[in-house]
Every structure is written in structure tokens, then in C-alpha cells.
Amino acid sequence: MSSSIKSTIKLNNGINIPVIGLGTYLTEDSDIEQSVRSAIEQGYRHIDTASYYKNEKKIGDTIKQLIKEGVVKREELFITTKVGTWQHGYENALKAFEESLEKLQLDYLDCYLIHYPGTYSELPKGESMSSLRSKTWKALEKLYNDGKVRSIGVSNYTESHLHELLSQCTIKPVMNQVEFHPYLFQESLLNYCKSNDIVLEAYGSLAGGNEILTEPVVLEISNQINKTPAQLLLKWAIQNGLIVIPKSIKSERVIENSLLDFEISQENIKKLNLLNKNKRFYWDPNNVN
Ligand code: NAP
């Protein structure tokens, strides 16, 4: 399977998404320009952000500047942002979208995701979380039908959240962005998404820089095939059919994380799959009703 920085896959609505993107989770204002600039200069065309990360404005500034310099064209980029947990509901989500678009200084988005199936805000009187997130989805459908966003999807949805959404929606989500690495090999969710033509996008492929990078089996295989642990983990996700969005503020790592045009043997893929221990480094949506 080829996974150069130019590789794309087709989403269920027919549009293409690059399989390698740049994550920007809480990348500070002082680092974001450098991170996005080195990524785009290296050939990345896919950037993942969220209203929660508070860096949409700086990302927008950097993209605008790169377009002005002729480094990239808007239509070559795939920009994703997300409705925050405090922005659920029909009107709130429509407003959140306009705010994100303004900060990013774009005319349209490539993908808009519901960041999390739950909220930490108080629910409106008489409202359940389930009905509130249905309203958020209706807002995303409107934005899609109005041509303001090229694709819509979800994040941190479990099979039960997806099942609920698929039974109500008029437009299917193109993707579900979830925590996914060998310590959290979500095989059942992966198969559910594959059978419903929903792409799974991995976040935390490097577990946020945590112990997975020094896991003995990861070190053994990466040494054996002469790749770095980060490259092995990212390619493992891609060979399992996922999109990856590693984050780094260091140019050399941004480059390293994009050099994935190699193959892991099926035997080694299986060894990595077997590391699963249902360990999460981020939030757990299983308790969200
Ligand atoms: P990650 O990509 O798994 O790991 C990033 C961490 O690993 C950073 O600390 C980075 O440090 C380090 N790193 C990067 N490349 C490396 C390399 N080649 N070798 C060693 N260390 C490396 O974690 P993440 O940023 O949490 O997740 C990726 C993206 O997914 C986020 O940025 C965000 O866009 C998205 N995300 C989404 C959700 C959600 O709820 N939907 C949650 C979390 C994340 P340096 O920066 O110092 O290089």
C-alpha cells in the first residue's frame, strides 16, 4: 500500500482526503506557524484543528500567507475543524461554524466534525444529550447542503453513537475520528465503520508522545525494518485502513512522520494488533449516553 504524502482515499461522498494530515492539538500560538508552514512546504495538504484548540486564527493566517507566497492553492488543501463540546445544538453549531470559518479565513471547509458526542455544559431543560447531538448533526447537514462544507463527520463516536446517528441522518458521516494506537486497537469499531463505509481517522497515533514510542515490540519491529517508532505506528494505522494526523511542532518530526512509503509485513501488523490493552490516553466516550 503506497502512503506517500500525496496519497488520498475516497470518502463515501466521493471526495478525496489525504491519508496523512497534520494534527494541531493545543499547538501554541508561538509554534503553530512553524508547524503548519513546514508541513505544507513538505507536501502535507491536510490539516486538522478544532475550535477547542484555540489556534484556528493562527492557522488561518499561516495558510493565507502560504497561498499568497504561491506555496499552495486553497483547493489543494483539506482543512478540518470541529464543533466544540460547548457548541452542541442546531443554532449553536451553525454559529460555531461561522466563527471557525472566520478565524480560519476561509470561504468553505473541507470537513466539519462533531468533536465529542457529549457536553460538559448544562443540558437545556427537557433536552437529552441524544436529542441535542441529533440537532447538532442537523446543523452539519444544513451546512453541507448549503455548500459551505465539502464533508461532515463525527469524532469520538462509539458504535452505539454511530448506530443512533445512522438511524436518523439524511446524510451519512464520512468519518469518525477516534483515539487509535496499538494499546487501543479498536477492532470492532473499525469493522463497524468499514461495513458502513465510514472512514476511521486515528488521533493520538503516537499516544501524544507517551510510552507507546518505547514499547519493546514497537522498538523491536522498527529496528528490524529500519524505521522510527513513530513511522511504524503511523504506517500500522494506515495499513489497518485508517487516516493519520500526527502532530509535531518540530520540522524534522513533521517530515519524519510523512515518510511512510514502506510496507509492514502482515506478521508484524498482527504482533502490533496484539498489543491491545484498551488503554486510553485521552477522553472516554463510552459513558456518554
Ligand atoms: P500524537 O500525534 O499521537 O503525538 C504528538 C506528540 O508526539 C507530541 O508531543 C510530539 O512532540 C510527539 N511527536 C510527534 N512526532 C514524533 C516523532 N516522530 N517522534 C517522537 N515524538 C513525536 O498526539 P496528538 O497531537 O494528541 O494527536 C494527533 C492529532 O489528533 C491532534 O494534534 C489533533 O489534531 C487530533 N486529536 C483529536 C482529538 C479528538 O478528540 N478528536 C483528541 C486528541 C487529538 P513534538 O510536538 O515536540 O514533536
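Student: Where does the ligand sit in this structure?

Tutor: In this predicted model, the ligand sits in the largest pocket. To say that a molecule sits in a pocket, more than half of its atoms must lie within 2 Å of the pocket's grid points.

Student: Which residues come nearest to the ligand?

Tutor: There are 30 residues around the ligand, and Tyr25, Asp48, Ser248, Lys250 and Tyr282 come nearest. A residue counts as near if one of its heavy atoms lies within 4 Å.

Student: What makes the pair between the ligand and the side chain of Asp48 a polar contact?

Tutor: The limit for a pair of N or O atoms is 3.5 Å. An oxygen atom of the ligand is 2.7 Å from an N or O atom in the Asp48 side chain, so this pair is a polar contact. At Tyr25, a polar backbone atom is 2.8 Å from an oxygen atom of the ligand. For Gln177, an N or O atom of the side chain is 2.8 Å from a nitrogen atom of the ligand.

Student: How much of the ligand's accessible area does the protein cover?

Tutor: The ligand on its own has 900 Å² of accessible area, and the protein covers 90% of that.

Student: What is the order of the strands in the open sheet?

Tutor: The eight strands run E3-E4-E5-E6-E7-E8-E9-E10, with parallel pairing.

Student: Why do E3 and E10 stand at the edges?

Tutor: Strand E3 (22-23) and strand E10 (243-244) each have a single partner strand, so one side of each is without a neighbour in the sheet.

Student: How do you know that E4 and E5 pair?

Tutor: Pairing needs at least two bridges. Strands E4 (residues 46-48) and E5 (residues 78-83) have three, in the parallel sense, so they pair. Asp48 stands opposite Thr80 in E5.

Conventions:
Residues are numbered from 1 along each chain as its sequence is written. This is a predicted model: local features need pLDDT of at least 70, side-chain atom pairs count only at pLDDT 80 or more; totals for chains, interfaces and linings use all residues. Side-chain values use heavy atoms; hydrogens and water are left out. A polar contact is a pair of N or O atoms within 3.5 Å; within protein, one must be able to donate a hydrogen and the other to accept it, and residues adjacent in sequence count only if both atoms are side-chain atoms. Accessible areas come from the Shrake-Rupley method with a 1.4 Å probe; for residues, only the protein chains shown count as cover. On a 1 Å grid over the protein atoms alone, a cavity is a set of points where a 1.4 Å probe fits but cannot get out, and a pocket is an open set with protein on both sides within 12 Å along at least five of seven lines; lining residues have an atom within 4 Å of a point. Helices (H or I, at least four residues) and strands (E, at least two) are DSSP runs, numbered from the N terminus.
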